[in-house]
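Please look through the structure shown here, beginning with its overall fold and then turning to its individual elements.

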Amino acid sequence: MQQENRAGVPPQRSAPPEEHLISMAEKGPFCSAACTCGWRGPARRARSLARRDAAAHQEA
Ligand SMILES: [Zn+2]
């Protein structure tokens, strides 16, 4: 049996490969950055510092 693919529709993937999408997580007074690759930034009191950690991770 063969499966027919509809033209122009790429197969869906559950997880994007090697993509670094940062999300911010806040816990009480602290804020930390988390990445889709599994990386997690240290807890920061300032959100700007957490974003800085994330930016440094994405550049690396
Ligand atoms: Zn990452």
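The paragraphs below go from the whole chain to its helix and then to a single residue in a strand.

The model is a predicted one, and its chain contains one helix and two strands, which follow one another along the sequence in the pattern β-β-α. Of the 60 residues in the chain, 10% count as buried. Where contacts are made between residues at least 6 apart in sequence, 11% of them join residues that are at least 24 apart.

Helix 1 takes in residues 47–59, and because each residue should contribute 1.5 Å, its 13 residues are expected to span 18 Å, a value with which the 19 Å between its end C-alpha atoms agrees. Within this helix, Ala50, Asp53 and Ala54 are buried. These residues cover an arc of only 95 degrees around the axis, and therefore they lie on the same side of helix 1. The buried residues of the helix pack against strand 1 and against strand 2, the latter formed by residues 30–35. Ser48, Ala55, Ala56 and Glu59, by contrast, are exposed on the other side of helix 1.

Strand 1 covers residues 22–27, and Lys27 belongs to it. Is Lys27 buried or exposed? Lys27 is exposed, because 8 other C-beta atoms lie within 10 Å, whereas a residue is classed as exposed at 12 or fewer. The C-alpha atom of Lys27 is separated by 9.8 Å from that of Arg45, a residue 18 positions away along the chain.

Note on methods:
Residues numbered from 1 in each chain as written. Predicted model: local features only at pLDDT ≥ 70, side-chain atom pairs only at ≥ 80, totals over all residues. Helix = DSSP H or I, 4+ residues; strand = E, 2+ residues; numbered from the N terminus. Buried ≥ 20, exposed ≤ 12 C-beta atoms within 10 Å, placed from the backbone. Contact = placed C-beta atoms within 7 Å. Expected span 1.5 Å × (residues − 1). Arc of directions from axis to C-beta.
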